[in-house]
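Open the model in your viewer and keep the selection tool at hand. The tour goes stop by stop, with something to select at each one.

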Amino acid sequence: MTIQQSDVLYTAVATAENGRDGRVATDDGKLDVVVNPPKEMGGSGAGTNPEQLFAAGYSACFQGALGVVARQEKADISGSTVTAKVGIGKNDDGFGIIVEISAAIPNVDATTARDLLEKAHQVCPYSKATRGNISVTLL
């Protein structure tokens, strides 16, 4: 279900200069980074790239969703980490991305960890935004 503009609690604003080979900065100055294509795509690899930024945002968002689910389930996720791997490659329309999400949750068994991951995937805003649009695999 989509939200309405009146429901928005916060809006992030970022501006890019020169696309994948330039600079990206937020309006509040908290993020200001050089972006360059990775060497694997023929770039210098000197700066970060959109896939790394997406992976950082997705992993942080998913960790937050995992926390929400863990509180509901009364599960201890202290010391946990979430890793997002974002791949980019050619597809029929030019390029597309693919994501793998994994988590290390030391205080729960494997079955509980998998259940928490699947539930977090249902509530994470990034997961909701990408559902049906790109391949997201939970590991």
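## Stop 1: Val-68

Select Val-68: with a relative accessible area of 36%, this residue is partly exposed, which means between the cut-offs for buried (under 20% relative accessible area) and exposed (over 50%), using a 1.4 Å probe and protein chains only. Val-68 sits in helix α1. Now add Thr-111 and draw a C-alpha to C-alpha distance. The pair is 43 residues apart in sequence and 18 Å apart in space.

Some ground rules before moving on. This is a predicted model, where local features need pLDDT of at least 70, side-chain atom pairs count only at pLDDT 80 or more, and totals for chains, interfaces and linings use all residues. Residues are numbered from 1 along each chain as its sequence is written, and side-chain values use heavy atoms, with hydrogens and water left out.

## Stop 2: the whole chain

Zoom out and colour by secondary structure. There are three helices and six strands. Helices are DSSP runs of H or I with at least four residues, strands are runs of E with at least two, and both are numbered from the N terminus. Trace the chain along its sequence and the order reads β-β-β-α-β-β-α-α-β.

Along the principal axes, the C-alpha atoms fill a box of roughly 45 × 40 × 30 Å. Of the 139 residues, 30% count as buried. Switch on the surface: the accessible area is about 9000 Å², and 53% of that belongs to carbon and sulfur atoms. These areas come from the Shrake-Rupley method with a 1.4 Å probe; for residues, only the protein chains shown count as cover.

Colour the charges next. The chain has 12 positive and 16 negative charges, and their mean positions are 3 Å apart. Lys and Arg count as positive, Asp and Glu as negative; His and the chain ends are not counted. Each charge is placed at NZ of Lys, CZ of Arg, CG of Asp or CD of Glu.

For contacts (heavy atoms within 4.5 Å), take pairs at least 6 apart in sequence: 45% of them join residues at least 24 apart.

## Stop 3: helix α1 end to end

Select residues 50-73, helix α1. Its end C-alpha atoms are 34 Å apart, which agrees with the 34 Å expected for 24 residues at 1.5 Å a residue. The expected span is 1.5 Å times one less than the number of residues.

What caps the N-terminal end of α1? Asn-49 does: one of its side-chain oxygens lies 3.0 Å from the backbone nitrogen of Glu-51.

Show side chains along the helix. Buried residues of α1 include Glu-51, Tyr-58, Cys-61, Phe-62, Leu-66 and Val-69. What covers the buried residues of α1? The cover includes β4 (81-91), β5 (94-104), α2 (110-123), α3 (125-130) and β6.

## Stop 4: Ser-59

Stay in α1 and pick Ser-59. It counts as buried, at 16% relative accessibility. A polar atom of the Ser-59 side chain lies 3.1 Å from the backbone oxygen of Ala-56. Beyond neighbours within four places in sequence, Ser-59 is in contact with Val-82, Thr-83 and Ala-84.

## Stop 5: Ser-127

Jump to helix α3 and select Ser-127. Buried or exposed? Ser-127 is buried, with a relative accessible area of 1%. Show its contacts, leaving aside neighbours within four places in sequence: Tyr-58, Phe-62 and His-121.

## Stop 6: two positive phi values

Most residues other than glycine have a negative phi. Two stops here go the other way.

Select Lys-74, just after α1. Its phi is positive, about 55°, although Lys-74 is not a glycine. Lys-74 lies in the loop between α1 and β4 and is exposed, with a relative accessible area of 75%.

Then select Asn-18, in the loop between β1 (14-17) and β2 (22-26). Phi of Asn-18 is near 65°, again positive. At 65% relative accessibility, Asn-18 counts as exposed.

## Stop 7: Thr-137

Finish in strand β6 (residues 135-138) with Thr-137. Thr-137 is partly exposed, at 33% relative accessibility. Which residues does Thr-137 touch, not counting those up to four places away in sequence? Val-99, Glu-100 and Ile-101. Draw one last C-alpha distance, from Thr-137 to Glu-100: the two are 37 residues apart along the chain and separated by 4.7 Å.

Key:
A polar contact is a pair of N or O atoms within 3.5 Å; within protein, one must be able to donate a hydrogen and the other to accept it, and residues adjacent in sequence count only if both atoms are side-chain atoms.
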